[in-house]
Every structure is written in C-alpha cells, then in structure tokens.
Amino acid sequence: MKRADPLTPAQRSSLMGKVRGKGNASTEQRVEVALRAAGLRGWIKHPQQILGKPDFYFAEFGTAVFVDGCFWHACARCARRTPKTRRAFWKSKIEENRLRDARIRRKLRRLGIHCVRIWEHEAAKTSWLSRLRSVMNRSHRVYVQAVAERTLKYRSPARRLPKVSL
C-alpha cells in the first residue's frame with residue numbers, strides 16, 4: 001500500500017530544496033585514508049581559493065583531485081538509473097553537474113592546474129593512486145623546469161651592472 005504525501009508537490013519541492021548535502025564524506029574519507037597510507041602529503045582539503053573547490057589540492061604539484069559520486073556526476077561506467085519521479089528534473093540536474101565539471105576542468109587547465117577525477121566506484125580500490133602519481137610527477141617536472149629557467153634568466157652574465165665614474 002502506497003502512502004499519500006501530505007504535502008503538495010510545491011511544498012515538497014520547497015522542503016527538499018532546503019536540504020543541504022554534507023558532501024560525499026565516506027568516499028572522500030576512503031581517498032584520504034589511501035593518500036595517507038601511500039605517503040602522499042602536502043594536500044589541502046576543499047581550498048576556497050581554487051576554482052571548483054577540489055576535494056584535495058596538492059599546491060606543490062598544481063594538482064586538483066575531485067572525488068565524484070557516480071550518480072551525481074554521470075559516471076559512464078556505472079550508468080546509474082534516473083529516479084522514476086521527476087525524470088526531466090533529474091536528467092537536467094545531472095547534465096548541469098556534468099557540464100559544470102567539464103567547464104571547471106577546462107578553466108583549471110588554462111591556469112596550469114592538473115585535474116584528477118576519482119569516481120565513487122574507484123575509491124574502494126587504489127588503482128587511481130598510480131594515475132595520481134603520474135600526473136603529479138609530470139606536473140612537478142614542468143614546475144622544476146620553469147623554476148630553473150627563471151633562475152638562469154636572472155643569473156645570466158649578460159646582466160652586468162654599468163660602471164659608474166666618480
């Protein structure tokens with residue numbers, strides 16, 4: 001027997017709109033535990049100054065890590081089912097999330113920040129760690145090379161002070 005909702009659809013929508021998520025805590029916690037176990041340090045959680053507020057940000061490596069729920073971010077592998085009620089709303093919501101993710105990733109790339117996406121179904125395993133390490137190694141090499149080029153530029157012998165006569 002199906003129970004009737006005592007609220008009108010507008011009231012239910014308003015009430016549900018006030019519910020705020022607390023993030024994907026359990027998935028993030030799995031990733032955090034794996035990062036610590038792998039000896040990866042120096043990350044910041046949810047930095048406000050980085051576009052998209054990544055779940056983890058490695059400033060030294062310029063790498064942002066996003067831990068995404070398969071349903072909310074439209075994982076192609078899991079292809080979670082759309083709820084039967086208000087299908088148009090849910091399809092629109094999930095598509096907006098997917099488009100926002102792509103837009104943020106493009107903007108971060110333009111700023112020189114590498115993005116790594118860890119899906120909810122990957123968090124239980126540690127295969128994503130090798131992908132993260134390779135991105136960090138690549139970005140660190142680029143960073144070290146840029147610093148070396150800047151250092152050489154300012155140490156060049158062509159930049160001598162002019163002689164001053166008294």
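**A guided tour, starting at arginine 86**

Begin by selecting arginine 86, which sits in the loop between strand S3 (63-68) and helix H3; here helices (H or I, at least four residues) and strands (E, at least two) are DSSP runs, numbered from the N terminus. What you have open is a predicted model, in which local features need pLDDT of at least 70 and side-chain atom pairs count only at pLDDT 80 or more, while totals for chains, interfaces and linings use all residues. Residues are numbered from 1 along each chain as its sequence is written, and side-chain values use heavy atoms, with hydrogens and water left out.

Arginine 86 has a positive phi of about 55 degrees although it is not a glycine. Most residues other than glycine have a negative phi. With 48% relative accessibility, arginine 86 counts as partly exposed, a class that lies between buried (under 20% relative accessible area) and exposed (over 50%), using a 1.4 Å probe and protein chains only.

Select lysine 53 next, in the loop between strand S1 (43-45) and strand S2 (56-58). Lysine 53 also has a positive phi, of about 40 degrees, and is not a glycine; its relative accessibility of 45% makes it partly exposed.

Now zoom out to the whole protein chain, which contains five helices and four strands and follows the pattern α-α-β-β-β-α-β-α-α when read along the sequence. Of its 166 residues, 31% count as buried. Among contacts between residues at least 6 apart in sequence, 56% join residues at least 24 apart, where contact means heavy atoms within 4.5 Å.

Move into helix H3, where tryptophan 90 lies. Leaving aside neighbours within four places in sequence, tryptophan 90 is in contact with Phe71, Trp72, Thr82, Pro83 and Thr85. If you select tryptophan 72 as well, the two C-alpha atoms are separated by 9.4 Å, although these residues are 18 apart along the chain.

The salt bridges come next, and the structure holds seven of them; each is a side-chain nitrogen of Lys or Arg within 4 Å of a carboxyl oxygen of Asp or Glu. Select arginine 98 and glutamate 95, whose closest N and O atoms are 2.6 Å apart, and which both lie in helix H3, three residues apart, about one turn of the helix. Arginine 98 is partly exposed, with a relative accessible area of 37%, and glutamate 95 is also partly exposed, at 34%.

Then select aspartate 101 and arginine 117, which form a salt bridge with their closest N and O atoms 3.8 Å apart. Because aspartate 101 lies in helix H3 and arginine 117 in strand S4 (residues 114-119), the pair ties together parts that are 16 residues apart in sequence. Aspartate 101 and arginine 117 are both buried. Elsewhere, Glu32, Arg36 and Lys45 are joined into one network by salt bridges that share partners.

Finish at the positive surface patch, formed by Arg20, Lys93, Arg100, Arg103, Arg105, Arg106, Lys107 and Arg110. Patches are made of residues with over 30% relative accessible area and no salt bridge, like charges being joined within 9 Å. Within this patch, select arginine 103, which is placed in helix H3 (residues 87-110) and is partly exposed, with a relative accessible area of 38%.

Technical notes: Patches are made of residues with over 30% relative accessible area and no salt bridge: like charges are joined within 9 Å, nonpolar side chains (Val, Leu, Ile, Met, Phe, Trp, Tyr) within 5 Å. Accessible areas come from the Shrake-Rupley method with a 1.4 Å probe; for residues, only the protein chains shown count as cover. Lys and Arg count as positive and Asp and Glu as negative; His and the chain ends are not counted. The place of a charge is taken as NZ of Lys, CZ of Arg, CG of Asp or CD of Glu.
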